[in-house]
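Colleague: I'm new to reading models like this one. Could you talk me through a few questions about it?

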2 protein chains.
Amino acid sequence: MFKISEFSRLSRVSLKTLRYYDDFGILKPAKIDKETGYRYYSADQLLTLNRILMYKDLGFTLQHIQQLLREDISMESVRGMLQRKENEIQQRLEEERERLSKIQDRLLLLKREGRVEKEQEVFMKSVEAQKIISFCSHGTVEEIPELFHKLEQLVGKQKRQLLPQMVMWKESESNEAEFELEVAYSLKQEIAISSDILNVRMLPEEPMMATLLQRVDPFVPSTACIDLAKWLEDNHYRIKKDQPGREVYVQSLEENGGTYVEVQIPIEAVRRGS
Amino acid sequence: MFKISEFSRLSRVSLKTLRYYDDFGILKPAKIDKETGYRYYSADQLLTLNRILMYKDLGFTLQHIQQLLREDISMESVRGMLQRKENEIQQRLEEERERLSKIQDRLLLLKREGRVEKEQEVFMKSVEAQKIISFCSHGTVEEIPELFHKLEQLVGKQKRQLLPQMVMWKESESNEAEFELEVAYSLKQEIAISSDILNVRMLPEEPMMATLLQRVDPFVPSTACIDLAKWLEDNHYRIKKDQPGREVYVQSLEENGGTYVEVQIPIEAVRRGS
DNA sequence: GGCGAATGTTTAAAATCAGTGAGTTTTCCC
DNA sequence: GGGAAAACTCACTGATTTTAAACATTCGCC
């Protein structure tokens, strides 16, 4: 039997940690003196502690280790836990690599350009599925404001329920100025359709969108869309052609708070060589 | 101006998080109604929030992001922070790779052998510098018990101060059964030397030791040392030849608690191909 | 116009994970 | 008796999430 400090020296695990393991229940001392409350550990427990350390090294949480230490655990469960852990680590590795390459990009740009670019504020996110009310049209970017006006009139007064506005554009390759557009409001709840030009539908979830948020002056078409497309090209991302890009407009209605547009372009996972 | 829930939908950041950011001080609402305490956000703040998200994505903590968001931050500081982050991620990547390969090894062994081997309980740790009292000798493994006995007699009665026993062996290639040994006690404090065969010295820190803990029967030489060496060879680790290996004995003196030996072999960092 | 129900919003506190650190009191051992 | 070592508690880490209790609003319904 060892006192806690001896056991700590032997195992090179701190006193705090040993006491914590006791509290947690993962390694109870073999004996506790009733009078003094002193913890006494047996030599056997070095073995257990060693296993704990090993599993910890492998990245398991104490809870999982507790399961793994149980005598009656089957080999299949062990294998399962190991495999789940393997996947988890694979994924984390992927994320870290991603992060690293982003940081390296930024460093490179900082060195080359000597400043932090607005264009760097490109950001990946997932956008969940949402319900929209919309109509389709043809037109140039300059016509978007009137299309919004039209939508507003068609939908009517229940503005409270809808937020925000968005435009989706399908690339129409034939004509560079004119696009096939869908002008929409995002809906919180169901809504009664009052027109047969309008349709209500679900926009599917996009697991990966490259987004860029920019302030825009009203009635001046923004360059955000082009900026983002350029950034994507520079960074060797592949644009998902089967899903349209979106421009989501955010405006402080009542005030002079300005208008912002967030361009969202669905992309596919393409690992690029750094 | 947006209410918190609108702002949350717009930015796809949860209410909880927005409130937390307010508390944290990283993104205070543009206005708070005195009467109701309601938070109101401006459209501008979407931009700030987007920057926050981007930095978070890069792996920065909120504290660092707060620094990065300050207007007066110099480009040099930004670069510094990015570079520190880069190193940090590099290191984490390394660790994760290590972990992954360990898990994959275990999985492989589980599949091949159908059980979790005792030999797998090999564990890497660093061992800090320590003071020892020892004497050197020549002998076979069978002679170790008597050498310990001799050491005990030489040192005398102050057993309380010393823990644990250890043997260090330098490979003596000429003779397979006989080793050059150093028999030692690990010392907690200074001790008066009573003999000129004994010497007190520091054992240097070993940043990386492969260790294996095994129960041993008294007077039966253990195979732990051989097991560990075999494992190392299987796993393509390189043994540091300039430092001796150690066998650290742990025994519950007073009881029938058994004796354990932990074999420690210093190794060098060699990344192995999987 | 009033009622209840269902949301929506606020605040604050506690849990998460695996400990570390500081500070105080009790016990051990010589 | 004195100093080391044991115990204990409380606070803190990071970035939220969860929970609970207290108000506010909006809805249908009568």
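Colleague: Which helix gives the most to the surface near DNA strand D?

Modeller: Happy to help! This is a predicted model, so to speak: local features need pLDDT of at least 70, side-chain atom pairs count only at pLDDT 80 or more, and totals for chains, interfaces and linings use all residues. Residues are numbered from 1 along each chain as its sequence is written, chains are lettered from A in the order written, and side-chain values use heavy atoms, leaving out hydrogens and water. A residue is near a strand if one of its heavy atoms lies within 4 Å of it, and helices are DSSP runs (H or I, at least four residues) numbered from the N terminus. Helix H1 of chain A and helices H2 and H4 of chain B each supply at least two residues, and the top contributor, with 4 residues, is H2(B).

Colleague: How many charged residues does that surface have?

Modeller: Asp, Glu, Lys and Arg count as charged. The surface near DNA strand D has 5 nonpolar and 6 polar residues, and its charged residues number 7.

Colleague: Which part of DNA strand D does the side chain of B:Tyr21 contact?

Modeller: A polar contact here is a pair of N or O atoms within 3.5 Å. B:Lys16 has a polar side-chain atom 3.5 Å from a base oxygen. For B:Tyr21 the distance is 3.0 Å, and the partner is a phosphate oxygen.

Colleague: How many residues of strand E11 of chain B are buried?

Modeller: Buried means under 20% relative accessible area, with a 1.4 Å probe and protein chains only. This strand covers residues 245-251 and is mostly covered, the buried count being 6 of its 7 residues.

Methods:
Polar contact = N/O pair within 3.5 Å; in protein donor to acceptor, adjacent residues only side chain to side chain. Buried < 20%, exposed > 50% of the residue type's maximum accessible area, 1.4 Å probe, protein only.
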